[in-house]
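Reader: Hey, I'm about to open this one up and could use some company. Can you walk me through it?

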Amino acid sequence: MSVFRIALIQLAVSANKADNLTRASKLIAEAAKGGARIVSLPECFNCPYGTKYFPEYAEKIPGQSTEILSKAAKDNKVFLIGGSIPEEDNGKLFNTCTVYNTEGNMVAKFRKMHLFDIDIPGKITFKESECLSPGNSLAVVDTGFCKVGISICYDIRFAELAQLYNKRGCQLLVYPGAFNMTTGPAHWELLQRARALDNQMYVATVSPARDETASYTAWGHSTVVNPWGEVIATTEDKENIVFAEIDLKYMEEVRQQIPIGQQKRHDIYTVEELTN
């Protein structure tokens, strides 16, 4: 299968976890009915985004939220990228994405590797490291028709991580993320297009819908970018499902036309994975 459909669920997230899970399940079913083979939820899909919320909403894995995800994947026969949830494990908290196959089995778990610690005077200060710990491992999902690399939000700023996924044979990178009203308009699309061009692969980003009343306001604009660096599907800030066709034959054509993968100077530089 060289062409398949992906669906990005730009979910309107509230402070009510049960409502978030019910709404997510409904939209996953809608995405599957729309022909999606891969469906993704946004970062922190089951709770508001913020350091004060992470300890309150944190769960073990498996747990309430991941059981709902497993059932949704199985019921709808899709590969489901479960956005992310706050995970508690041995007294530590992580921002964690779980991935499920069409039988509902968890086939990957990725913990956000680069924590979102920024300080832009007069605009936004945020420090995930106040309560979260970083993950240390990549997560590659082999669907049988496409290899998918998983990262979360701030990870997109680190080109080396995307390059490692490229070396692992990934053809699509998916970033559940929640850029804000400062970094979103400035960098959200730019970073996606950069990673797509760097690696000549598809890049998808999945944001929560914007809530102007929330303590952290997400930019929205869930997007898919092709290997030529073109935005092929996107939306604005409201709750929505973004569909896009992923054409792996087109990806190979781009790589043949501009063969940077064969032209790298490994005698001068290299990017190596130090942990598995």
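Author: Sure, and one term up front: buried means under 20% relative accessible area, exposed means over 50%, and partly exposed is in between. Also keep in mind that this is a predicted model.

Reader: Okay, so is Lys60 buried, exposed or partly exposed?

Author: Lys60 is partly exposed, because its relative accessible area is 45%.

Reader: And which side chain does Lys60 meet in a salt bridge?

Author: That of Glu88, with N to O at 2.8 Å. The two come from distant parts of the chain, 28 residues apart. Glu88 sits in strand S4, residues 85–89, while Lys60 is in the loop between H2 and helix H3 (64–76).

Reader: How many salt bridges are there in the whole structure?

Author: A search turns up 17. One of them joins Lys112 and Glu43, whose closest N and O atoms are 3.0 Å apart.

Reader: Where in the chain are Lys112 and Glu43?

Author: In distant parts, 69 residues apart. Lys112 is in the loop between strand S6 (106–111) and strand S7 (117–120). Glu43 is in the loop between strand S2 (38–40) and helix H2 (54–57).

Reader: Is Lys112 buried or exposed? And what about Glu43, buried or exposed?

Author: Lys112 has a relative accessible area of 0%, so it is buried. Glu43 has 1% relative accessibility, so it counts as buried too.

Reader: Got one inside a helix?

Author: Yes, the side chains of Lys71 and Asp75 meet in a salt bridge, 2.6 Å from N to O. Both are in helix H3, and they are 4 residues apart, so about one helical turn separates them. Lys71 counts as exposed, because its relative accessibility is 52%.

Reader: Which residues are linked in a network of salt bridges?

Author: Glu87, Asp89, Lys109 and Arg111 are linked that way.

Reader: Switching topic: how many disulfides does the count come to?

Author: The count is 0. For Cys97, the nearest cysteine sulfur is that of Cys44, 11 Å away. Cys97 is also buried, because its relative accessible area is 0%.

Reader: Why is there no bond from Cys146 to Cys170?

Author: Their sulfurs are 8.0 Å apart, and Cys170 has the closest cysteine sulfur to Cys146, so that is too far for a bond. The cut-off for a disulfide is a pair of cysteine sulfur atoms within 2.5 Å. As for its surroundings, Cys146 counts as buried because its relative accessibility is 2%.

Reader: Now pockets. What volume does the largest pocket have?

Author: About 370 Å³. It is lined by 16 residues, and the closest to its centre are Asn166, Asn199, Ile260, Gly261 and Lys264.

Reader: Which elements give two or more residues to that lining?

Author: Helix H4 (159–167), helix H5 (183–199) and helix H7 (260–263) do. By class, the lining of the largest pocket has 4 nonpolar, 8 polar and 4 charged residues.

Reader: And the second largest pocket, what volume does that have?

Author: That one has a volume of about 250 Å³. Its lining is made up of 17 residues, with Val13, Pro48, Tyr49, Ala214 and Tyr216 nearest the centre.

Reader: How do the residues of that lining divide by class?

Author: The second largest pocket has 13 nonpolar, 2 polar and 2 charged residues in its lining.

Reader: Great, now I know where to look. Thanks!

Note on methods. Residues are numbered from 1 along each chain as its sequence is written. This is a predicted model: local features need pLDDT of at least 70, side-chain atom pairs count only at pLDDT 80 or more; totals for chains, interfaces and linings use all residues. Side-chain values use heavy atoms; hydrogens and water are left out. On a 1 Å grid over the protein atoms alone, a cavity is a set of points where a 1.4 Å probe fits but cannot get out, and a pocket is an open set with protein on both sides within 12 Å along at least five of seven lines; lining residues have an atom within 4 Å of a point. Grid points are joined across faces, edges and corners, and a volume is the space filled by probe spheres set on the points. Ala, Val, Leu, Ile, Met, Phe, Trp, Tyr, Cys and Pro count as nonpolar, Asp, Glu, Lys and Arg as charged, and the others, Gly among them, as polar. Buried means under 20% relative accessible area, exposed over 50%, partly exposed in between (1.4 Å probe, protein chains only). A salt bridge is a side-chain nitrogen of Lys or Arg within 4 Å of a carboxyl oxygen of Asp or Glu.
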